[in-house]
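Please open the structure in a viewer and keep the selection tool at hand. The tour below proceeds stop by stop, stating what to select and what is found there.

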Amino acid sequence: MITIPLEGIVTISQKSPFGHVLSSVRTALGLSQIALAHQLESTQRHISFLETGRSRPSLQFLSRICTQLNLSADQRSNLFAASGYANPYHPRRFEDADVGATLDMIERRVLANWPFPALVLDASWNILRMNGSAEVFLAGLSGSEDNNPSFLRQILSPDFMAMIANWEDVSPVIYFRLQSAAAHDDVIAEAFSEAKAKGLFDHIPKLMIEQDRAPVYVPIRIRLPGGGTLNMTSLIGHVASVQDALVAGFEVELMIPTDDTSEATMRALSKG
């Protein structure tokens with residue numbers, strides 16, 4: 001009787017690091033192994049072998065995955081890092097000089113020239129930079145100059161929620177924005193889960209059914225501490241042609257008043 005040691009057996013469930021990442025990317029794209037193979041002009045057998053570690057990708061095939069699947073910078077970086085090849089998308093940190101230079105560029109060229117409050121947020125919605133208008137405006141809303149660097153915690157705080165005069169109308173906008181961001185960031189995913197557990201969005205399914213026709217956009221109506229309301233929305237932007245996963249997660253939030261009265265109010269608040 002011949003005994004084969006268990007450590008010598010390669011099972012289907014034993015994936016290589018690259019196999020884990022490829023499988024994760026494929027799942028995120030909603031593709032079966034057959035569908036992925038079709039897009040890459042390959043075979044399901046080859047994809048299966050890559051995911052189970054029985055095959056190693058060639059550099060050419062890795063390049064084909066990255067160029068034909070419209071992957072994010074983060075996905076490209078993870079695939080290269082797991083492949084064993086040199087990673088041109090090595091992850092950066094906030095402390096890196098080129099990341100700081102990018103934030104400086106956004107602050108000087110965009111925030112400083114925007115007439116209303118403007119922020120730069122990271123993927124977890126922490127405030128990285130803001131213009132002077134935003135500093136004064138947020139302090140005016142909160143009644144304190146000690147602004148929380150977490151924009152996420154600010155908008156989900158009970159104090160801010162109490163200031164929203166049209167919560168039922170604007171809540172789906174906040175819900176779906178959080179839902180989208182939560183798919184890419186654990187901090188937002190946790191906060192989103194907590195908000196749902198508290199019942200903050202329990203009314204949305206019923207609202208979606210009863211809504212006759214969704215408006216083009218929904219301005220948020222804020223009750224001001226001194227009385228009156230302010231109607232506003234935001235433009236959300238990203239740096240184009242980004243090849244770094246950290247910078248790709250930056251959001252530039254440009255606040256805009258939606259009517260003349262709100263514009264005058266916002267300008268007044270922004271001046272303190």
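**First stop: helix α1**

Select helix α1 and display its buried residues, which are Phe 18, Gly 19, Val 21, Leu 22, Ser 23, Val 25 and Arg 26. The model in view is a predicted one. Add α2 (33-39), α3 (44-52), α4 (59-68) and α5 (73-83) to the selection, for the buried residues of α1 pack against these helices. Next, consider the length of α1, which covers residues 17-28. Its 12 residues, at 1.5 Å a residue, should span 16 Å, and the end C-alpha atoms lie 17 Å apart, so the two values agree. Just after α1, select Gly 30, which adopts a positive phi of about 70°.

**Second stop: the sheet**

Select strands β1 to β5 next. They form an open sheet of five strands in the order β2-β1-β5-β4-β3, with antiparallel pairing. At the edges stand β2 (127-130) and β3 (220-223), each of which pairs on one side only. On average, neighbouring strands of this sheet are turned by 30° against each other, direction ignored.

Zoom in on β1 (residues 118-121), which pairs with β2 in the antiparallel sense over three bridges. Here Leu 119 is placed opposite Met 130 in β2. Then add helix α6 (residues 97-109), which lies across β1, β2 and β5 (251-257) and runs at about 40° to β2.

**Third stop: the nonpolar cores**

Which residues have the most contacts inside the largest nonpolar core? Select Leu 119, Trp 125, Phe 137, Leu 178, Phe 201, Ile 222 and Met 232; the core as a whole has 39 residues. Helix α10 (residues 167-182) supplies the largest share of this core, namely seven residues.

Centre the view on Phe 201. Leaving aside neighbours within four places in sequence, Phe 201 is in contact with Trp 167, Ser 171, Ile 174, Tyr 175, Leu 178, Phe 192, Ala 195 and Lys 196. A second, separate core of 19 residues includes Leu 22, Leu 31, Cys 66 and Phe 80.

**Fourth stop: Ser 262**

Select Ser 262, located in helix α14 (residues 260-270). Is Ser 262 buried or exposed? Its relative accessibility is 2%, and Ser 262 therefore counts as buried. Not counting residues up to four places away in sequence, Ser 262 touches Leu 230, Asn 231 and Pro 257.

**Last stop: confidence**

Finally, colour the chain by pLDDT. The average is 89, and 92% of the residues score at least 70. Over residues 1-13, however, the pLDDT is below 50, and this stretch has four contacts in the model beyond near neighbours in sequence.

Methods: Residues numbered from 1 in each chain as written. Predicted model: local features only at pLDDT ≥ 70, side-chain atom pairs only at ≥ 80, totals over all residues. Heavy atoms only, no water. Helix = DSSP H or I, 4+ residues; strand = E, 2+ residues; numbered from the N terminus. Buried < 20%, exposed > 50% of the residue type's maximum accessible area, 1.4 Å probe, protein only. Contact = heavy atoms within 4.5 Å. Core = buried A, V, L, I, M, F, W, Y, C linked by side-chain atoms within 4.5 Å. Pairing = 2+ DSSP bridges. Axes fitted to C-alpha atoms, helices over the stretch in contact; angles between N-to-C directions. pLDDT = per-residue confidence, 0-100. Expected span 1.5 Å × (residues − 1).
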